[in-house]
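Work through the exercises below with the sequence and the 3D view at hand. Each task is followed by a solution in steps.

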Amino acid sequence: MEKLRKYIDKIKPNFEPGGKYAKLRSVFEGFETFLFVPNTTSKSGVHIHDSIDSKRTMTVVILALLPALLFGMYNVGYQHYLAIGELAATSFFTIFLYGFLAVLPKIVVSYVVGLGIEFISAQLRGHEIQEGFLVSGMLIPMIVPVDTPLWMIAVATAFAVIFAKEIFGGTGMNIFNVALITRAFLFFAYPSKMSGDSVFVRTSDTFGMGAGNVVEGFSGATPLGQLATQTSENITLTTTVGEPISTWDMFLGLIPGSIGETSTLAILIGAAILLFTGIASWRIMLSVFVGGISMALLANAFASPTYPGSLLTPFDHICLGGFAFAAVFMATDPVTGARTNVGKYIYGFLIGAITIIIRLYNNGYPEGAMLAVLLMNVFAPLIDYFVVESNVKRRLKRAKKGGTTNE
């Protein structure tokens with residue numbers, strides 16, 4: 001690393017103002033700060049210095065995503081070999097490798113398109129390249145079905161980065177979660193590739209690692225997709241080969257679904273990492289779960305076959321779909337979420353409650369986390385505004401009574 005540092009210092013003048021490659025300064029700085037922590041500090045004004053910068057924050061979030069991503073890769077292979085009836089005869093390594101090779105191209109496409117646009121935007125504006133897309137680029141392939149075509153991911157990623165981020169000024173200025181805008185674009189532009197039964201289980205060959213006819217009675221529908229078509233009081237959710245899904249299967253994540261959203265256990269491991277490092281807000285996480293559980297309990301108290309989702313337990317709702325993933329990785333986005341402490345409770349609670357409401361009373365859209373988070377992204381500034389105004393009025397009232405305004 002010392003030799004690399006010396007080499008970078010040697011070529012750096014070429015990218016400074018007046019240098020041969022001055023126009024590529026932002027690109028060079030992006031690579032330099034990715035490899036090494038900058039040693040520059042502020043010289044004037046009032047500043048607060050600590051060890052947490054945006055690059056470290058993004059790195060921790062990516063580490064927290066790894067358990068869900070790795071399990072998602074395994075589950076892709078698991079669902080494939082289960083569908084073709086060869087699961088029992090296939091090793092753990094082969095199952096995981098199949099999923100790894102199926103998911104890797106989506107990660108590559110997401111980063112190449114997203115970072116490419118950010119590099120170009122930084123060059124045109126003369127700005128530094130920000131690290132925001134390091135997380136978004138990982139989130140995007142984790143929240144789409146495994147059979148989503150690569151060109152669709154490329155188009156949706158480009159749309160989201162340009163119209164949900166760069167047009168607002170770049171990292172830290174966007175009002176919507178970029179990864180969820182990507183998913184929303186795919187859902188509304190190509191609904192068959194986001195809500196179809198077959199897209200959640202890859203049955204085609206992957207570099208010669210597994211192919212064959214699916215077993216009789218195969219269905220790639222997710223549990224929530226099956227739920228939307230239930231008509232009796234006896235809810236029956238099954239695997240791709242018709243076997244009943246247990247609560248343990250839901251919690252582990254051995255069910256069809258978007259790549260990184262199925263395993264509640266892996267997601268909770270990621271949540272522990274984010275909370276231990278202080279990167280994510282426990283107030284938002286907790287309130288999302290409280291909101292979802294509260295609404296599920298209320299619906300279950302008035303359960304009706306007309307709305308089959310109301311027959312599920314609150315724990316089932318948490319383990320199915322993208323609820324847990326949204327609570328841990330989407331709702332806690334510090335840029336698009338509420339920033340006041342009281343606002344975080346309100347913001348998170350409404351996300352959880354709205355997610356369940358959408359699931360219960362819109363059978364055409366069995367999921368709800370994506371729309372709930374995007375909707376609350378819009379209202380987060382308004383929530384913070386009213387919280388601040390309420391605090392100001394309360395302090396003014398106390399001051400008029402002769403109290404102190406310091407808290």
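A salt bridge is a side-chain nitrogen of Lys or Arg within 4 Å of a carboxyl oxygen of Asp or Glu. The model is predicted, so local features need pLDDT of at least 70 and side-chain atom pairs count only at pLDDT 80 or more, while totals for chains, interfaces and linings use all residues. Residues are numbered from 1 along each chain as its sequence is written, and side-chain values use heavy atoms, with hydrogens and water left out.

**Exercise 1. Salt bridges**

Task: Find which parts of the chain the salt bridge of Lys165 and Glu118 ties together.

Solution.
1. Side chains of opposite charge can pair when their charged atoms come close.
2. A search of the whole structure gives 4 salt bridges.
3. In one of them, the side chains of Lys165 and Glu118 meet at 2.3 Å, N to O.
4. Lys165 sits in the loop between α6 (150-164) and α7 (178-189), and Glu118 in helix α4 (residues 92-125), so the bridge joins parts 47 residues apart in sequence. Helices (H or I, at least four residues) and strands (E, at least two) are DSSP runs, numbered from the N terminus.

**Exercise 2. Buried or exposed**

Task: Decide whether the residues of the salt bridges in this exercise are buried, partly exposed or exposed.

Solution.
1. Buried means under 20% relative accessible area, exposed over 50%, and partly exposed in between (1.4 Å probe, protein chains only).
2. Lys165 has 3% relative accessibility, so Lys165 is buried.
3. Glu118 has 5%, so Glu118 is buried too.
4. Arg202 forms a salt bridge with Asp147, with the closest N and O atoms 3.4 Å apart. Arg202 is in the loop between α8 (192-195) and α9 (223-227) and Asp147 in the loop between α5 (133-142) and α6, 55 residues apart.
5. Arg202 is buried at 16%, whereas Asp147 is partly exposed at 24%.
6. Arg359 and Glu367 form a salt bridge at 3.3 Å, N to O, and both residues are buried.

**Exercise 3. A nonpolar patch**

Task: Which element gives the most residues to the nonpolar patch on the surface?

Solution.
1. Patches are made of residues with over 30% relative accessible area and no salt bridge; like charges are joined within 9 Å, nonpolar side chains (Val, Leu, Ile, Met, Phe, Trp, Tyr) within 5 Å.
2. Leu275, Trp282, Leu286, Val290, Val342, Tyr345, Ile346, Phe349 and Leu350 form the patch, with about 740 Å² of accessible area together. Accessible areas come from the Shrake-Rupley method with a 1.4 Å probe; for residues, only the protein chains shown count as cover.
3. The elements that give two or more residues are α12 (282-301) and α15 (341-361).
4. The most come from α15, with 5 residues.
5. Phe349 lies in α15 and is partly exposed at 35%.

**Exercise 4. Helix crossings**

Task: How do the axes of α15 and α16 cross?

Solution.
1. Axes are lines fitted to C-alpha atoms, for helices over the stretch in contact, and angles run from 0 to 180 degrees between N-to-C directions.
2. The axes of α15 and α16 (residues 369-400) come within 9 Å and cross at roughly 150°.
3. That makes the two helices roughly antiparallel. Angles under 35 degrees count as roughly parallel, over 145 as roughly antiparallel, 65 to 115 as roughly perpendicular and the rest as oblique.
4. The crossing of α15 and α16 is right-handed. A crossing is left-handed if the near helix is turned anticlockwise from the far one by less than a right angle, and right-handed if clockwise.
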